[in-house]
Amino acid sequence: MFALLPELAVLALALAVLLGDLLRKGRARELAWLSVAGLAGAFLLTLRTTYGTLFTETLVADAFGVVLKQLFLAGTAVVILLSMREMERFAWKAEYLSLVLFVCAGMMLMVSANELITLYVALEIVTITLFILTAYRKRDALSVEAGLKLYVQGFASSGILLYGLSLLYGATNTTYLPAIAQALARGSPTATLLLGAVMVLAGFGFKLSIVPFHMWVPDVYQGAPTPITAFLSVGSKAAGFAVAMRVLVLALGSLQGHLIVVLGALAVVTMFLGNLLAISQNNVKRLLAYSTIAHVGYMLLALVMSPKVGAASLLFYLAVYTFANLLAFAVLIALSDAGGGEDISAFSGLVTRSPWLAVAMVAALLSLGGIPPVAGFVGKFYLFANAVREGFLLLALAGVVNTIISMYYYLRIVREMFIVKSAAPAVLPSFALKVAVALCLAAIVFFGLYPAPLLRSVEYAAALLVR
Amino acid sequence: MLNVLLIPALPLLAAVAILFAASPWLRERASRIAIGAISVSFLLSLVVLLQASGHEGHGPLYEGEMRWLTLGTTDISLGIMVDNLSALMLVIVTLVALLVQVYSLGYMHGDPRFSRYYGFLSLFTFSMLGLVLSDNILQLFIFWELVGLCSYLLIGFWNEKPAPQLAQKKAFLVTKAGDLGFFLGVMAIFALFGSFRFEEILAGPKLALIAPAALTFIALALFFGAMGKSAQFPLHIWLPNAMEGPTPVSALIHAATMVAAGIFLVARMYPLFEAAPYALAVVAIVGTVTLFMAATIALTVFDIKGVLAYSTISQLGYMMLGLGAGSLTAGMFHLMTHAFFKALLFLGAGSVIHAVHTQDLREMGGLRKDMPLTFWTFLIATLALAGIFPLAGFWSKDEILLAAWHHSRPLFFLALAGAFMTALYMFRLVFLCFFGAGKKHGHESPDSMTRPLLVLAVLSAVAGLVATPLFGNWFQVFIHGAHEEPSVWLMLLSTLAAGAGIGVAYLAYFRRAINVAVFTQAIRPLYVLVKNKYYVDEVVDLVFVKGSLLLGRVLAWLDHSLVDGAVNAVASVARLVSKAAALIDTYLIDGAVNFAGWLTRALSRVSGLFDLYVVDGAVNLGAWLTGGFSSLLRATQSGQVQSYVMVVFAGLAAIAVLVLFGGMI
């Protein structure tokens with residue numbers, strides 16, 4: 001039961017925010033700070049997790065899940081800090097906060113799921129709540145359109161996923177992940193099982209925006225409120241990869257021989273398409289959307305590797321990617337809050353208008369591009385080096401080539417900030433936004449210079465995951 | 001150990017203090033902080049060099065490392081290693097950096113970003129020192145990227161103008177292309193050796209066990225990186241543009257130190273290259289092609305820094321030829337002497353530009369009288385570069401020519417022709433700039449600028465002697481290179497070539513006895529080819545820049561048009577329905593959102609999730625939905641949810657077929 005304390009704390013927090021709003025109207029700002037403090041408390045609770053299974057083994061508490069939960073809690077706190085200005089435009093402020101917290105709780109359940117039905121329910125908690133959050137700018141046609149698009153396609157893909165899960169159940173007679181792995185180990189795979197696995201892959205592919213299931217990403221990212229876009233680009237990707245790791249790599253591990261070519265091909269196609277299409281974008285939200293697709297392509301390499309090495313590479317990459325991407329979004333939000341819009345031209349001359357934001361953005365972009373000394377370099381290096389060690393030299397090479405392509409559009413923003421002159425006024429971000437920027441910047445610089453502690457904990461988690 | 005750590009640490013501290021300090025007090029003292037830090041680093045480097053010189057026995061002088069991260073079972077460490085090679089580089093880098101920073105006091109005086117300039121210079125010096133001190137190839141790669149970044153920042157230092165912006169981008173991208181090869185080599189090294197450390201790669205037992213083909217691959221990959229940094233043909237195209245940066249920067253980064261990093265890389269990995277003779281042959285050939293082509297181009301350029309830029313490319317080609325021809329000593333020796341006289345030439349050119357405010361040789365002339373100090377030091381450097389006895393360049397160039405003679409005769413004769421052209425283009429520059437009728441009046445530069453010139457002039461004159469019997473062949477022993485007996489006839493031959501070059505320059509540009517215009521007219525096609533720098537830029541632009549833009553556009557078109565188009569054909573009937581619905585919806589825009597939500601809910605309730613499982617069903621659903629909120633979709637024009645869902649199902653079907661029936665194909 002104690003293993004579930006962080007999730008319970010987040011749920012309680014969500015309800016407390018709703019109640020607090022009932023008691024005292026118009027205190028959204030205080031409630032937001034309360035949420036951040038509560039998330040920090042839940043973070044502390046994760047440190048005391050006792051490992052084991054819960055509720056007749058439908059949930060599992062392990063080090064793998066804990067690392068991801070900590071990532072979600074930190075990420076959600078940053079998203080709330082980024083939402084301060086955005087929230088002022090909403091009629092329903094406390095509800096917004098509690099929905100964000102519900103998504104966080106759902107993601108934490110997702111990564112703990114040890115059983116297919118629990119997994120599906122947790123996944124739908126996240127997905128449905130995100131539909132609502134995506135369409136939260138009710139008066140903005142783009143936002144509503146994005147919500148509807150996510151809704152339609154989300155359910156189409158949920159259908160595929162559910163069909164796949166039921167085929168897995170039909171083939172193995174169990175919904176428990178360890179039992180599925182045992183059942184598979186006994187015989188050679190049937191066509192039913194393979195079809196089920198492919199459908200599960202496609203279902204996850206949608207959440208992860210793997211090409212060709214990526215079509216929703218640019219429109220939805222552009223239309224959603226920007227903090228929610230940031231949330232989508234990190235949180236749901238991390239949660240999606242975690243369940244993909246548990247289901248596709250661990251439970252269905254014996255099918256790896258059948259899936260490996262497809263996964264490798266999807267990885268290469270995803271990274272190339274994401275990067276090449278990002279080049280021609282002028283809207284920074286769309287640009288970051290395509291960049292996210294490219295990063296998903298890199299991370300797919302982790303699903304190809306042997307489970308232990310793959311899990312460690314994935315966790316490390318996810319951690320550094322989360323902070324770098326949130327940092328990029330934070331700067332974007334600071335600019336659009338100041339009325340600059342979301343196009344690349346909003347960044348003009350930022351170095352004179354707000355030097356610290358410009359420096360933070362450079363750090364974020366260098367990290368996303370994988371250039372030392374920020375953490376993104378270590379993440380890419382660790383991922384690609386492990387791929388080489390596992391014998392996937394060509395996949396790693398594709399990754400390196402893509403890294404170079406991606407520098408082209410990341411540097412476009414740097415150029416805009418440092419070279420283009422602008423008469424636009426100085427940017428004065430809110431205190432909450434400064435806190436978020438400082439947190440993410442500190443994380444990527446620290447893990448870039450001294451990655452050893454983070455590496456130790458992800459390697460420990462991966463070692464416990466695969467025994 | 002601490003004294004070695006301080007050498008890179010001091011410039012780093014200076015850079016951090018200058019760049020990130022908010023206090024104006026610190027900022028006003030930027031130049032003093034930077035020069036103070038580099039002075040101490042230089043003195044410490046001198047001590048290290050003396051220690052290394054007296055160091056008996058094998059192995060590095062200093063070694064130390066700390067664990068950085070663990071990869072599987074392999075520890076990756078950050079560490080420093082001082083052996084004779086890095087001790088020599090330490091002194092060269094800190095000395096030139098010190099002189100350039102003193103010179104910049106005068107040259108950059110009054111620049112609005114004076115303090116930032118010193119911050120960048122200190123950062124560069126730190127990165128370069130970190131590069132030469134690295135004890136493993138991965139760390140070297142990291143600092144390699146850092147010097148690239150500093151070079152980028154300094155080329156575009158005056159970024160109000162468009163030319164430096166373009167130049168900095170070009171330099172970054174072209175060297176990045178080389179870095180791709182370098183990185184590939186680093187990865188291959190790790191895959192084969194299981195370590196990044198130089199000691200384990202170069203001195204360990206594995207070098208003899210790995211297949212020669214693999215070693216050749218690694219060596220060539222690393223050399224590709226070196227080609228980018230050291231501006232070897234055809235990756236040399238960034239260096240002439242890099243001259244858009246301030247002239248002292250050109251002297252430090254693009255003549256003496258950073259561009260020599262490629263030479264240093266090959267020298268550092270020399271045992272590996274020696275084990276891969278084919279790769280070494282490629283190094284020699286690329287070096288020779290570079291030295292010859294760059295020398296021909298230098299003959300046709302009228303920009304004073306442009307001539308020096310192509311001369312630098314050409315001399316880097318000589319160094320590569322020396323290494324490729326099997327003489328580590330020759331390559332490193334020329335690196336050292338070249339650092340001194342080429343830095344002097346650039347600083348002298350900067351002094352001229354400072355005085356006359358133009359870089360065009362045709363607008364100069366007769367400056368010998370106005371700027372005597374600049375003239376005499378410039379002349380010494382020119383003679384050293386041309387290889388005139390007993391100045392520095394004479395000894396180092398002869399060492400290269402000797403190695404080339406033993407390696408391959410065709411390469412030797414090309415290098416000899418290069419020596420002739422070197423003397424010719426340098427004296428062309430000297431005659432055009434300092435002799436003849438004065439078109440503009442100059443004035444001698446301030447002391448802060450001329451004193452570094454004097455120091456460098458002394459070094460350019462005498463630095464070559466350390467590799468002569470006069471000093472007991474100290475340099476050859478120090479570098480542990482093979483020592484070949486100098487040959488007197490070869491010295492005579494190279495002096496003859498240089499003398500001929502000077503003679504032709506004298507006749508053509510001083511006495512005007514040879515009419516250059518008539519001569520160029522006579523060889524017009526060749527002249528046009530050289531004048532346009534062999535069209536390398538144009539080819540690169542066409543193949544890589546235009547090519548990738550085209551690819552991007554084609555892919556974007558595919559993503560937008562083709563996918564949508566295919567679905568449009570399928571759903572054209574549905575479109576008609578949706579148009580009709582759209583007409584109604586126009587009057588009901590306010591209700592559209594609610595309507596769409598209601599419709600979707602109703603639909604999902606009625607048709608149930610099961611409909612979605614079938615491809616046809618999904619397309620139909622898409623068509624229905626289009627009818628529902630087409631006004632929304634029309635407003636944003638894109639959208640096409642149905643096409644998105646279509647792609648999802650098509651992708652699913654393709655993957656399923658691949659996985660289920662892939663084995664049969």
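At what angle do helix H11 (residues 256–279) and helix H17 (residues 393–418) of chain A pack? They pack at about 10°, and their axes are 9 Å apart. The model in which they occur is predicted.

## Confidence of the prediction

For the complex, the predictor gives an ipTM of 0.79 together with a pTM of 0.63. Chain B has a mean pLDDT of 82, and 85% of its residues reach 70 or more.

Parts of chain B have low values. Residues 606–623 of chain B have a pLDDT under 50 throughout, and the model has 27 contacts for them beyond four places in sequence. In residues 625–637 of chain B the pLDDT is also below 50, and this stretch has 36 contacts in the model beyond near neighbours in sequence. Predicted coordinates should not be read in detail where pLDDT is low.

## The two chains

Chain A contains 19 helices and two strands. It has 467 residues, of which 64% count as buried. Taking the contacts in chain A between residues at least 6 apart in sequence, 80% join residues at least 24 apart.

Chain B contains 31 helices and two strands. Of its 665 residues, 52% are buried. Among contacts in chain B with a separation of 6 or more, 79% are between residues 24 or more positions apart.

## Helices H11 and H17 of chain A

Two packed helices are described by the angle between their axes and the distance between the axes. With an angle of about 10°, H11(A) and H17(A) are roughly parallel to each other, since angles under 35 degrees count as such.

On the H11(A) side, the contact is made by A:Gly264, A:Ala267, A:Val268, A:Met271, A:Phe272, A:Asn275, A:Leu276, A:Ala278 and A:Ile279. H17(A) contributes A:Leu395, A:Ala398, A:Gly399, A:Asn402, A:Ile405, A:Ser406, A:Tyr408 and A:Tyr409. Sorted by class, this contact has twelve nonpolar residues, five polar residues and no charged residues.

## Helices H16 and H18 of chain A

A second helix pair in chain A is formed by H16 (residues 375–389) and H18 (residues 431–449), whose axes come within 7 Å and cross at roughly 50°. This angle makes H16(A) oblique to H18(A).

The residues of H16(A) in the contact are A:Ala375, A:Gly376, A:Phe377 and A:Val378, and those of H18(A) are A:Ile444, A:Phe447 and A:Gly448. Five of the residues in this contact are nonpolar, two are polar and none is charged.

## The nonpolar core

How many residues does the largest nonpolar core have? It has 434 residues, and those with the most contacts inside it are A:Met110, A:Leu301, A:Leu327, A:Ala330 and A:Ile444. Helix H13 (residues 307–337) of chain A supplies the largest share of this core, 23 residues.

A:Ile444, which also takes part in the contact of H16(A) with H18(A), has several partners beyond four places in sequence. They are A:Val320, A:Phe323, A:Ala324, A:Leu327, A:Ala363, A:Ser367, A:Val374, A:Ala375 and A:Gly376.

## Backbone details in the loops

Two cis peptide bonds in chain B can be described here. One joins B:Phe233 and B:Pro234, with omega about 0°; B:Pro234 is in the loop between helix H10 (212–229) and helix H11 (238–241) of chain B. Another joins B:Phe389 and B:Pro390, with omega about -5°. The loop that holds B:Pro390 runs between helix H19 (372–386) and helix H20 (392–407) of chain B.

A:Thr56 is not a glycine, yet it has a positive phi of about 45°. It lies in the loop between strand E1 (52–54) and strand E2 (59–61) of chain A. Is A:Thr56 buried or exposed? A:Thr56 is exposed, because 9 other C-beta atoms lie within 10 Å and the cut-off for exposed is 12 or fewer. B:Lys533, also not a glycine, has a positive phi of about 55°, and its loop lies between helix H26 (524–531) and helix H27 (536–570) of chain B. B:Lys533 is partly exposed, with 19 other C-beta atoms within 10 Å.

## B:Leu5 and B:Leu133

B:Leu5 belongs to helix H1 (residues 2–20) of chain B. With 14 other C-beta atoms within 10 Å, B:Leu5 is partly exposed. B:Leu133 is 128 residues from B:Leu5 in sequence, while their C-alpha atoms are 9.4 Å apart in space.

Methods. Residues numbered from 1 in each chain as written. Chains lettered and ligands numbered in written order. Predicted model: local features only at pLDDT ≥ 70, side-chain atom pairs only at ≥ 80, totals over all residues. Buried ≥ 20, exposed ≤ 12 C-beta atoms within 10 Å, placed from the backbone. Contact = placed C-beta atoms within 7 Å. pLDDT = per-residue confidence, 0-100. Axes fitted to C-alpha atoms, helices over the stretch in contact; angles between N-to-C directions. Parallel < 35°, antiparallel > 145°, perpendicular 65-115°, else oblique. Nonpolar A, V, L, I, M, F, W, Y, C, P; charged D, E, K, R; others polar. Core = buried A, V, L, I, M, F, W, Y, C linked by C-beta atoms within 7 Å.
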